[in-house]
Amino acid sequence: MLLFCFLYNIVVILLTIVLLPVILIALAAVPKFRAGFFTKLGFYKNFNLDKNKQTIFFHAVSVGEVNAIEALVKKTRENFPDANIVLSTTTKTGQEIANKKLGKTVNAVTYFPFDFFFSVNSFLNAVKPDKIIIAETEIWPDFVYLANRRDIPVYIVNGRLSPNSYKGYKRFSFFFKRVLSLYKGIFMQTKGDVDRILDVGANPEITKCMGNLKFDIKPNLDSEQITQLAQTLKLNGARMIVAASTHKGEDEIVVNAFKDLKQKFSDIKLMIAPRHPERYAKVTELLENSGFKFGKRSSNDTFENNDIIMLDTMGELMKMFSICHFAFIGGSFSSTGGHNPLEANIWGKPVLSGDCVFNFKDIYAFLTKTNAAKLSKTESELKDDMFRLLSDNDFYKQACEDTHKIFAENSGAVDFVINVLKQS
């Protein structure tokens with residue numbers, strides 16, 4: 001394995017040298033790429049952790065993964081009150097959400113190192129973790145190899161391997177089989193994920209289905225706070241549709257559907273949340289030409305005099321689901337492969353989506369057995385599905401009940417991981 005990792009490092013370093021001009025341009029042109037750059041290279045500060053206490057380290061790539069492990073990190077603190085807990089992310093937005101949601105729970109929030117041996121060693125020397133938990137399927141050969149050499153157990157939790165990603169992993173299974181053998185435990189969301197990671201080369205003795213941590217997410221607002229949020233936005237009893245994590249082309253689909261539906265349901269409002277902040281300007285231009293009065297959340301605009309609000313702030317989407325009538329989840333009328341519907345379902349709200357959802361195929365297959373979610377094959381079908389949720393009150397109530405039932409029947413993933421941590 002030592003020779004294998006040596007060859008891997010040679011390849012990575014050579015690729016970095018070849019791509020250096022592109023990397024430098026990206027660093028100069030795109031501010032988010034510069035976030036934490038030197039930290040990731042290995043310049044880690046002193047975290048002032050108590051050396052006499054065990055350290056549990058969590059890694060969550062970005063916003064979605066931080067949201068997924070929030071309940072797990074908080075439950076870990078409850079079960080290990082004296083432990084040092086360190087959380088890392090890869091992205092700047094992930095750092096912001098991690099500090100906002102878990103800054104008071106963990107001892108430190110930092111950036112995950114680049115997968116160079118010197119960067120990883122520097123990180124491990126600074127944190128000195130006793131247990132490592134990686135959210136979802138983040139496979140970094142140097143990191144897991146160097147942790148393994150220090151006898152630090154590394155676990156993948158809430159892992160998923162979409163059918164599309166599986167094809168790439170399978171092509172290099174000779175490589176990933178060696179790396180996957182270094183993990184102490186590989187815990188996947190669904191049986192389909194388990195089957196795919198096993199076919200790539202994971203050890204069946206350490207690979208299990210744990211369920212999805214997002215089924216254990218608890219609503220972070222009580223009824224009073226939900227009422228206050230609706231009042232702050234001045235919904236005044238209107239039914240709000242949330243178009244979440246929209247990508248290029250999907251904003252137009254949603255706005256066009258809303259335009260037709262508004263003629264039939266005068267009380268409806270639309271909140272549109274582009275997936276990427278760099279698209280805010282384009283979406284603003286679309287809304288300016290839509291014929292609707294619109295505002296921006298960053299300007300504290302409300303629905304009192306607007307039909308549409310663009311959610312252009314970070315970390316607020318989850319709570320907006322609490323006051324919506326239903327949600328459209330984007331990335332599903334494009335080649336993106338969809339986004340996680342459970343963040344809306346957790347509030348008891350039904351979800352609509354396009355049918356390109358390969359990233360969450362297993363979850364949608366599960367949800368669409370009930371009325372908790374519906375995949376719309378065309379723009380016209382999406383509008384019809386929206387119409388039914390707005391016009392058929394009995395159907396809408398049943399869809400909401402189905403979402404509550406699914407969460408009641410599928411919780412337990414957090415306790416699964418806590419038991420693993422207690423036994424390791």
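**A chat about a sheet, its helices and some charged pairs**

Tutor: Let us begin with two neighbouring strands in this predicted model: strand S8 (residues 239-246) and strand S12 (residues 324-329) run parallel and are joined by five bridges. Within that pair, Ala244 stands opposite Ile329 in S12.

Student: Okay, and how many strands form the sheet, and in what order?

Tutor: Seven strands form an open sheet with parallel pairing, and their order is S10-S11-S9-S8-S12-S13-S14. Strand S10 (294-296) and strand S14 (373-376) are the edge strands, each of them pairing on one side only. From one strand to the next, the twist averages 20 degrees.

Student: Which strands does helix H14 touch?

Tutor: Helix H14 (residues 280-288) packs on the sheet and touches strand S9 (268-274), S10 and strand S11 (308-310), with its direction at about 165 degrees to that of S11. Helix H18 (residues 379-391) lies across S8, S9, S12, strand S13 (351-354) and S14, and its angle to S12 is about 165 degrees.

Student: Switching topic, how many salt bridges are there in the whole structure?

Tutor: A search finds 19. One of them brings together the side chains of Lys262 and Asp307, whose closest N and O atoms are 3.2 Å apart. Lys262 lies in helix H13 (residues 250-264) while Asp307 lies in the loop between S10 and S11, so this pair ties together parts that are 45 residues apart in sequence.

Student: Are Lys262 and Asp307 buried or exposed?

Tutor: Both Lys262 and Asp307 are buried. Another salt bridge joins the side chains of Arg297 and Glu316, at 2.9 Å from N to O. There, Arg297 is buried with a relative accessible area of 11%, and Glu316 also counts as buried, at 11% relative accessibility.

Student: What about Arg196 and Asp193, how far apart are they in helix H11?

Tutor: Arg196 and Asp193 are three residues apart in helix H11 (residues 191-200), which means that about one helical turn separates them. Their side chains meet in a salt bridge of 3.1 Å, N to O.

Student: Last thing, which residues form the nonpolar patch on the surface?

Tutor: The patch is formed by Phe6, Leu7, Ile10, Ile13, Leu14, Ile17, Phe117 and Phe118, which together have about 750 Å² of accessible area. Helix H1 (2-18) and helix H7 (117-127) are the elements that give two or more residues to the patch, and H1 gives the most, with six residues.

Student: And Ile10, where is its place, and what is its relative accessible area?

Tutor: Ile10 has its place in helix H1, and with a relative accessible area of 36% this residue is partly exposed.

Technical notes. Residues are numbered from 1 along each chain as its sequence is written. This is a predicted model: local features need pLDDT of at least 70, side-chain atom pairs count only at pLDDT 80 or more; totals for chains, interfaces and linings use all residues. Side-chain values use heavy atoms; hydrogens and water are left out. Patches are made of residues with over 30% relative accessible area and no salt bridge: like charges are joined within 9 Å, nonpolar side chains (Val, Leu, Ile, Met, Phe, Trp, Tyr) within 5 Å. Accessible areas come from the Shrake-Rupley method with a 1.4 Å probe; for residues, only the protein chains shown count as cover. A salt bridge is a side-chain nitrogen of Lys or Arg within 4 Å of a carboxyl oxygen of Asp or Glu. Helices (H or I, at least four residues) and strands (E, at least two) are DSSP runs, numbered from the N terminus. Buried means under 20% relative accessible area, exposed over 50%, partly exposed in between (1.4 Å probe, protein chains only). Two strands pair if DSSP finds at least two bridges between them. Axes are lines fitted to C-alpha atoms, for helices over the stretch in contact, and angles run from 0 to 180 degrees between N-to-C directions. Contact means heavy atoms within 4.5 Å.
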